[in-house]
Amino acid sequence: MTKSKAKKDSQLILRLDKEERDAFVELCKELDTSAAREIRGFIRKFLKKNGS
């Protein structure tokens, strides 16, 4: 199984302002991406930059 095909089995729950969340989700739709994909990308870049 390739890295990108590995089953994701963990969740991260966070709280944020409803208006921010809605604006983020809407912008992701406009950019033809998903909120989850963008957040995963952020986490991967953050880990790479900070040595984990």
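Helices are taken here as DSSP runs of at least four residues, numbered from the N terminus. In this predicted model, the protein chain contains two helices and zero strands. Helix H1 covers residues 18–30, and helix H2 covers residues 35–49. Beyond H2 comes Gly 51, whose phi is positive, near 85°.

The length of H2 was compared with the value expected for a helix of its residue count. Because each residue is allotted 1.5 Å, the 15 residues of H2 should span 21 Å, and the C-alpha atoms at the two ends of H2 are indeed 21 Å apart, which agrees with that expectation.

As to overall dimensions, the C-alpha atoms of the protein chain fill a box of roughly 35 × 25 × 20 Å when taken along the principal axes. The radius of gyration of the protein chain is 13 Å, whereas a compact globule of 52 residues would have a value near 10 Å.

Two patches were identified on the surface. A nonpolar patch is formed by Leu 12, Leu 14, Leu 16, Phe 24, Ile 39, Phe 42, Ile 43, Phe 46 and Leu 47, which together have about 840 Å² of accessible area. H2 gives the most to this nonpolar patch, contributing five residues, while Leu 16, also one of the patch residues, is found in the segment before helix H1. A positive patch on the surface is made up of Lys 8, Arg 37, Arg 40 and Arg 44, and of these residues Arg 37 has its place in helix H2. Helix H2 thus carries five residues of the nonpolar patch as well as Arg 37, a member of the positive patch.

Terms used:
Residues are numbered from 1 along each chain as its sequence is written. This is a predicted model: local features need pLDDT of at least 70, side-chain atom pairs count only at pLDDT 80 or more; totals for chains, interfaces and linings use all residues. Side-chain values use heavy atoms; hydrogens and water are left out. The expected span of a helix is 1.5 Å times one less than its number of residues. Patches are made of residues with over 30% relative accessible area and no salt bridge: like charges are joined within 9 Å, nonpolar side chains (Val, Leu, Ile, Met, Phe, Trp, Tyr) within 5 Å. Accessible areas come from the Shrake-Rupley method with a 1.4 Å probe; for residues, only the protein chains shown count as cover. A salt bridge is a side-chain nitrogen of Lys or Arg within 4 Å of a carboxyl oxygen of Asp or Glu. Lys and Arg count as positive and Asp and Glu as negative; His and the chain ends are not counted. The place of a charge is taken as NZ of Lys, CZ of Arg, CG of Asp or CD of Glu. The radius of gyration is taken over C-alpha atoms; the globule rule is 2.2 Å times the number of residues to the power 0.38.
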